[in-house]
Amino acid sequence: MENEKLSSHSIELGCHGSPDQVDIKPPKSPVKMDMELDRISNLPSDIIGKILSHMPLREAVRTSVLSSNWMNKWTMLTRLQFNDRRTSSQNHTTFAKIVDHVLQGLVGPINMFEVTLSGYQASEDIDRWIIHLSRNSIKELVLNLHTQHIYNVSSYLFSCQNLIYLALLNCLLQPPPTFKGFRSLKMLGFMKVTLDQGVLENLITCCPLLEIFVLINCDGFTHLKIDAPNLSRFSFKGVFEYVSLVNTLKLANVRIWLTSTSTVSIANNQGRTAGSCSNLLNFFVHLPWIQRLRIEMYFLKYLGLGVLPEKMPQPLRYLKVLSIHISFNDRKETLTALCLLRSVPALQELDILARRGDEDVGGKMNYALDDNQNCQLTQLRLLKITGVSGLSAELDFIKFLLSSSPVLEKMIVEPAVIVGGFPEQVKKVLPFWCVSENAEIIYMDPWFMVHP
C-alpha cells in the first residue's frame with residue numbers, strides 16, 4: 001500500500017541522487033496542469049508562426065485539432081511547400097484541392113510558395129495558384145514541374161513585383177509586352193526553361209538587383225549575354241555559340257559547363273574568330289574581381305578560339321580557386337590553360353580534370369619559358385588532378401605545375417577510369433618534380449574501385 005501511495009505522486013531523487021533522499025510532491029491541480037500543457041499556446045503569435053514554419057505543412061495544419069486555441073494558428077503560415085509525390089496517383093484532384101484549401105485559408109501574406117509536381121499535368125491548377133499568389137505579395141516562388149509537357153507560365157507571374165527568389169523547372173517563358181522586369185529579384189534559377197534571345201536579355205537587364213543567376217539545360221537562345229551590375233554568382237550548363245559578360249564588375253563566382261553538343265558550334269566559329277581577339281580575353285575583360293572559377297567540359301576549347309596571347313594583359317589578382325576540364329591531346333586547350341595560369345598570382349586551389357580528346361597534341365609542348373613569361377604559382381596550396389592516364393603531354397603539364405608551386409602543401413592524384421590503376425611511372429616521378437619540400441602527394445583509387 002505504501003508503494004501504491006508513492007507511485008501516485010511525483011517522485012524525484014535528491015540532489016545527491018541517493019534512493020533514500022526522496023522528495024514527495026503533492027499532486028498538481030487540474031488548472032495548473034492545463035496551464036503547463038497549454039503553455040505553447042500562450043506564446044506570442046510570431047513565435048508560434050516560426051514553430052509552425054519549421055513543421056511539415058501537413059502536420060502544421062493538423063495542429064488545429066489540438067485545442068480551440070490552435071484552431072486557426074496554421075492560417076498564419078507564410079511559407080508553403082507542396083509535393084504531389086506524397087500523394088497516390090489516383091488523388092491528383094485531391095492534391096489540387098488541398099493546395100486550394102490552404103491558400104484560401106491563410107489570413108496573412110504568403111512569403112514563399114513551392115510546389116513539386118511529377119505525376120500529372122496541372123496547367124490550370126498552377127495558373128489558379130499563381131493568380132492567387134500575385135495578389136498576396138509573394139516573395140519566393142519555386143515551380144518544380146517534372147511533367148511530360150512544358151508549362152506555359154501564366155502572365156500573372158510577371159505582375160509579382162515583390163519577388164526576391166524565382167526558380168522554374170520545365171517551363172516556357174513568354175512575358176507580356178508590358179513586362180518591365182522584376183525590380184526586387186535577387187536570385188533567379190532556370191532549369192529546362194525555354195525562352196528566346198530577347199526575353200533572356202531583357203529579363204536579366206530589367207532585374208537590377210540580381211545577385212545569383214543559374215541556367216541549366218535551357219534552350220531558345222544561342223548567344224548568352226549577361227548584363228547585370230550586381231551579379232555576384234553565375235552558373236551555366238548547356239549550349240551556346242557565344243557568351244558575353246557586360247557590366248559584371250561584381251561577379252566573383254562563375255561556373256560554366258559547355259556541353260559536348262556545342263563542339264559543332266565551336267568548329268563553326270573557328271573560321272569566324274581566326275585572326276581576331278581570343279574569346280579568353282573577351283570573357284575576362286569584365287571580371288576584374290573574379291574569385292572562384294570553374295571551366296568545365298568544352299568551355300576551355302571555346303575560350304581558346306581566336307588569337308591567344310601568352311598571358312593576360314591584366315592579371316586576375318583575386319582569383320583563388322580554379323577548376324579546369326582539359327584535353328591534353330588538344331594543343332590549343334593546353335596553351336589556353338597556360339595563358340590563364342600565368343595570370344593568377346593569388347591562386348590557392350587548382351582542380352584539373354583530364355578530359356579524353358580525339359585531337360593529337362601536334363608536337364611536344366615547350367614549357368621552358370623565359371623569366372618574364374614564367375608561371376610562378378607562389379600561393380598555390382592545393383592541387384588536384386583527376387583522370388591521369390600517363391600521357392606524355394599530361395605528364396609534362398604536371399611537371400610544369402609542380403616545378404612552379406614552391407609552397408604547395410597537398411597534391412591529390414586520381415587515375416583515369418580506363419587505366420584501372422595508377423601508372424607506376426607517375427608515382428615514381430612526381431616526388432622528384434615537386435619543388436615544395438612540405439608537399440604531401442596522395443594517390444587516390446578511382447571511384448569504381450572504392451565503390452563497387
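**Exercise 1. Describe the protein as a whole: what share of its residues is buried, and how many helices and strands are there?**

Solution. Of the 452 residues in the protein, 43% are buried; the structure under study is a predicted model. Turning to secondary structure, one finds 14 helices and 20 strands. The surface that the protein exposes amounts to about 23,800 Å², and carbon and sulfur atoms supply 53% of that area. As for contacts between residues at least 6 apart in sequence, 65% of them join residues that are at least 24 apart.

**Exercise 2. Determine how helix α5 and helix α6 are arranged, and which residues make the contact.**

Solution. Two packed helices are described by the angle between their axes together with the distance between the axes. For helix α5, which covers residues 92–105, and helix α6, which covers residues 123–134, the axes come within 11 Å and cross at roughly 10 degrees. Angles under 35 degrees count as roughly parallel, and α5 is therefore roughly parallel to α6. On the α5 side the contact is made by F95, A96, V99, D100 and L103, while α6 contributes D125, R128, W129, H132 and L133. Sorted by character, the residues of this contact divide into six nonpolar, one polar and three charged.

**Exercise 3. Decide whether T336 is buried or exposed, and list its contacts beyond its neighbours within four places in sequence.**

Solution. The first step is to place the residue: T336 belongs to helix α11, which spans residues 331–341. Next comes its accessibility; buried means under 20% relative accessible area, and T336 counts as buried because its relative accessibility is 0%. Finally, with the neighbours within four places in sequence left aside, T336 is in contact with L280, L300, L303, G304 and L308.

**Exercise 4. Classify the aromatic pair formed by F397 and F400, and state which residues ring pairs link into a cluster.**

Solution. Rings pair if their centres lie within 6.5 Å, and by this rule the count comes to 17 aromatic pairs. One of them is formed by F397 and F400, whose rings are 6.4 Å apart centre to centre, with 55 degrees between the planes. Planes under 30 degrees apart count as stacked and those over 60 as edge-to-face, the rest being tilted, so the pair of F397 and F400 is tilted. Both residues lie in helix α12, residues 392–402, where they are three residues apart, about one turn of the helix, and both F397 and F400 are buried. Elsewhere, ring pairs link F236, F240, F283, F284, F299 and Y302 into a cluster.

Definitions and conventions. Residues numbered from 1 in each chain as written. Predicted model: local features only at pLDDT ≥ 70, side-chain atom pairs only at ≥ 80, totals over all residues. Heavy atoms only, no water. Axes fitted to C-alpha atoms, helices over the stretch in contact; angles between N-to-C directions. Helix = DSSP H or I, 4+ residues; strand = E, 2+ residues; numbered from the N terminus. Parallel < 35°, antiparallel > 145°, perpendicular 65-115°, else oblique. Contact = heavy atoms within 4.5 Å. Nonpolar A, V, L, I, M, F, W, Y, C, P; charged D, E, K, R; others polar. Buried < 20%, exposed > 50% of the residue type's maximum accessible area, 1.4 Å probe, protein only. Areas by Shrake-Rupley, 256 points an atom, 1.4 Å probe, with all protein chains shown as cover. Phe/Tyr/Trp six-rings, centres within 6.5 Å; stacked < 30°, edge-to-face > 60°.
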